[in-house]
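Q: Please take a close look at a single part of this structure and describe how it is built. I am new to it, so go step by step and then connect that part to its surroundings.

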Amino acid sequence: MLKRNGKWEDFLTKLGDCHDDYERLQVVLGTEEVISHLPSQVEKRCKNLEQAESLRAKGNECFKSAKYAKALDYYSQAVRYAPHPSQDDSGSNMLALCFGNRSAAFFHLKQFQCSLTDIDNAIQAGFPAGSLHKLLDRKGKCCLFLKRKQAAIEAFEEAKQVLVADPNIQDKGRQDLIRLTDQFINKCKSLQGASVENSDTEIHEPLPTLLKRSSQMPCAADFLEIKDEAGRGRGLYASRDIKVGEVLIVEKPYTSIVLSDHHLSHCHHCCSRCFVPQPCAGCVDVVFCSSQCRQAAQDSHAAECQLMDAIHTADVRLGHLAYKMVAKAGYAYLMEQRNVLENLGQVEASMLGCDENGVYDSQNYATMYHLVGHCDKRTVEDMWPRTINAAFMVKCLQQTSFFPQWTEGDQQAAEKRFQDVCYIGSHILRHLMMLPCNAHEVSEMGVNWQEPSQSKTLEIGSAIYPVLSLINHSCDPSVVRHSYDDVCVVRAIRGIAEGEELCDNYGALYPVMDRAARQAHLLKQYYFTCSCQACVNNWPMYMEIPKEVMEFYCDKCRGPVPVPGIQQASKTESMACRDCGQRQNIRSLILKVGKLEQGFQDALFKVIFEMDVEGDTLPKLVQFLRVVDKHLHRPVSCHNDCQEAVKMCYAFKANAFPRKNNRSGAQQR
Ligand SMILES: C[S@@+](CC[C@H](N)C(=O)[O-])C[C@H]1O[C@@H](n2cnc3c(N)ncnc32)[C@H](O)[C@@H]1O
């Protein structure tokens, strides 16, 4: 419209002249031609009883012909569409019936724990009394299969009581059912052995813990500190030597989103895979892994419930995450803290985002307010689509309970409302600029047990981790990240000396991308020119990395100490460092590496070809990596191979699906 009216250039000039995000929002929301194109009423996607009925009927068809996995899919869809009992004025009990049906499908797929969860869901949703005995009977059988003796007996006894009390069952039928139930109770009484551990729904190993937390950053180890360096901004630095494999950060994001490809398979609150998807009470577009997560997400989801479809139409990447960050902070907080947030820039850089006690807490919105967004370097061409999207999203927020209820008022009140909307929109815009440089993916290893080489890392969601966002980049990173649900665990994959900076990788690793491509990517998305070792020395890509060890590191200055050729090796005891001249005992280093070499090769084979990361595989790899990292002058391929194998082991400990213990269940589905 603006282009057609010949006002486009004028609009861009006005936008280009703005001093801050607030002014940008004022320009956009004050331009009639733009707002007339922003929908005033966004379409909401609600529950739908007919749709639920139809999906349930399809599930029943599949169930009758023993296609239980397909039936399960239909029932899960029906569960999402079924109105919550509080809103179901038809009295259909649809949600409870769908849960009940799904529990039967799980039962036939031998996923007994999942079946038990849905039996509880069905009862809580008001399962009809007339069929309750069937549900309790199934509960008893699930417990029997899981060898939970007492729980099984209790469920069967309860089923019996329901049968006795139910006036709708014929006497003859009732007696038969009671006799059958008694037989099961006797079976339970003779049950031997311990109960079967439920590992069907595990997606990762237990979350690693930090030995001691930093008092400034509670999710980081106590030997990390924030420093500010000219040309790099803030970064995380080691205050003592760090060894390969040490856990450095265990961070819960401020907030996360599930990407649209995974929104019906992964929890909208914690990003975990949902084995028994729980529906939202209001919309059909998200699922939760448990009722606890649904409860915990209540407030943050309220601002997007029924609007997910609309929010996803905003075509700026990470728009949904920006929206959710602002929604989580809330109107009252953002208004109250306006002065505090805007004046945060006055404090010392290493204290930016800290609270009044000097704590940099990932759950505090202020930590994210000053993450780098490079607003000053962005062109108006970069800025206008972001600003229009921020305007669209703040319009979406206006259709929720985010803003206070405004009653029609005078001109002054209308002006105040406009200012509030621009202010909230300016936060969304700020994040739309900051997130491309700071957001991290939530990932899951998609395991292919038949073809290990086909296993790959899937991006499930995006999240904002204020502490992780402080780590600067290197094409040869010293840390690696893995997701445990949406919690990010950071470990060292190189030795990091006291005083050295921790470096992460921003999608530009030297073994797989040449220097020109890396530098172009980093400049375009992150606005800096990398000066890491791999860039400065133009290290070769993987296929060209030397396989032979040519040099060791000098103990004194980490300069290169040449390794003698095979001919001389047996006669040579020591060699001099090329940089400082210090002599180094070469023979003992060759022996030290050689001693661990076979163990490394065996472990590497196990990881790559068998995906066997159990037992001593990881400790052997870590031991070898510590030694080569300390002594072998890089680049040298065994360092890369070992590092990749170690990363793979960590990936298997984190979100990975299917896991070894639930691979059969997963295949059936
Ligand atoms: C995720 S932030 C890292 C923390 C940031 N330095 C700060 O002060 O908040 C990413 C930004 O840090 C800067 N940065 C990251 N790695 C860098 C590097 N190796 N050299 C120079 N600047 C870097 C760039 O400005 C980049 O856009």
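A: In this predicted model, 15 residues of domain 1 are in contact with 17 residues of domain 3. This contact is the part to look at closely. On the side of domain 1 that touches domain 3, helix 17 (366-369) and helix 19 (411-438) each contribute at least two residues. Helix 19 gives the largest share of that side, three residues. Sorted by class, the side of domain 1 that touches domain 3 consists of seven nonpolar, seven polar and one charged residues.

To place the two partners in the chain, start with the domain assignment. It gives domain 1 as 1-37 + 301-440, domain 2 as 49-189, domain 3 as 224-253 + 465-544 and domain 4 as 547-634 + 636-669. Between the C-alpha centres of domain 1 and domain 3 there is a distance of 29 Å.

The ligand belongs to this part as well. Because domain 1 and domain 3 both give residues to the shell around the ligand, the ligand lies between them. There are 17 residues around the ligand, and those that come nearest are Gly233, Arg234, Asn472, Tyr526 and Phe528. Strand 2 (233-238), helix 19 and strand 9 (472-473) are the elements that give two or more residues to this shell. Strand 2 supplies the largest share, three residues. By class, the shell has eight nonpolar, seven polar and two charged residues. Helix 19 thus appears twice: it supplies residues to the side of domain 1 that touches domain 3, and it also supplies residues to the shell around the ligand.

Strand 2 deserves a further step. Strand 1 (residues 224-229) pairs with strand 2 in the antiparallel sense, over six bridges. The two strands form a hairpin with three residues between them, and Gly231 in the turn has a positive phi of about 85°. Within this pair, Arg234 in strand 2 stands opposite Asp228. Arg234 is also one of the residues that come nearest to the ligand.

What surrounds this part? One neighbouring piece to follow is an open sheet of four strands, in the order 4-8-7-17 and with mixed pairing. Strand 4 (255-258) and strand 17 (656-657) are at its edges; each has a single partner strand, so one side of each is left without a neighbour in the sheet. Helix 14 packs on this sheet and touches strand 4 and strand 8 (456-464), its direction making about 140° with that of strand 4.

The pairings can be taken in turn across the sheet. Strand 4 and strand 8 run antiparallel and are joined by four bridges. In this pair, Ile257 has Ser462 in strand 8 as its bridge partner. At the other edge, strand 7 (residues 440-446) and strand 17 run parallel and are joined by two bridges. There, Met445 stands opposite Ala656 in strand 17.

In a regular strand, side chains alternate between the two faces of the sheet. Strand 4 shows this pattern: Thr255 and Ile257 point one way, Ser256 and Val258 point the other way, and all of them are buried.

Helix 14 (residues 319-329) is buried in a similar manner of counting. Ten of its eleven residues are buried, so the helix is largely enclosed by the rest of the structure. The buried residues are Gly319, His320, Leu321, Ala322, Tyr323, Lys324, Met325, Val326, Ala327 and Ala329. Just after helix 14 comes Gly330, with a positive phi of about 90°.

A last step back puts the part in the context of the whole chain. The chain has 26 helices and 17 strands. Its C-alpha atoms fill a box of roughly 100 × 80 × 45 Å, taken along the principal axes. Of the 669 residues in the chain, 40% are buried. Among the contacts in the chain with a separation of 6 or more, 67% are between residues 24 or more positions apart.

To sum up the part itself, domain 1 and domain 3 touch through 15 residues of domain 1 and 17 residues of domain 3, and the ligand lies between these two domains.

How values were computed: Residues numbered from 1 in each chain as written. Predicted model: local features only at pLDDT ≥ 70, side-chain atom pairs only at ≥ 80, totals over all residues. Buried ≥ 20, exposed ≤ 12 C-beta atoms within 10 Å, placed from the backbone. Domains from an automatic or database assignment. Contact = placed C-beta atoms within 7 Å. Nonpolar A, V, L, I, M, F, W, Y, C, P; charged D, E, K, R; others polar. Near = placed C-beta within 6 Å. Pairing = 2+ DSSP bridges. Axes fitted to C-alpha atoms, helices over the stretch in contact; angles between N-to-C directions.
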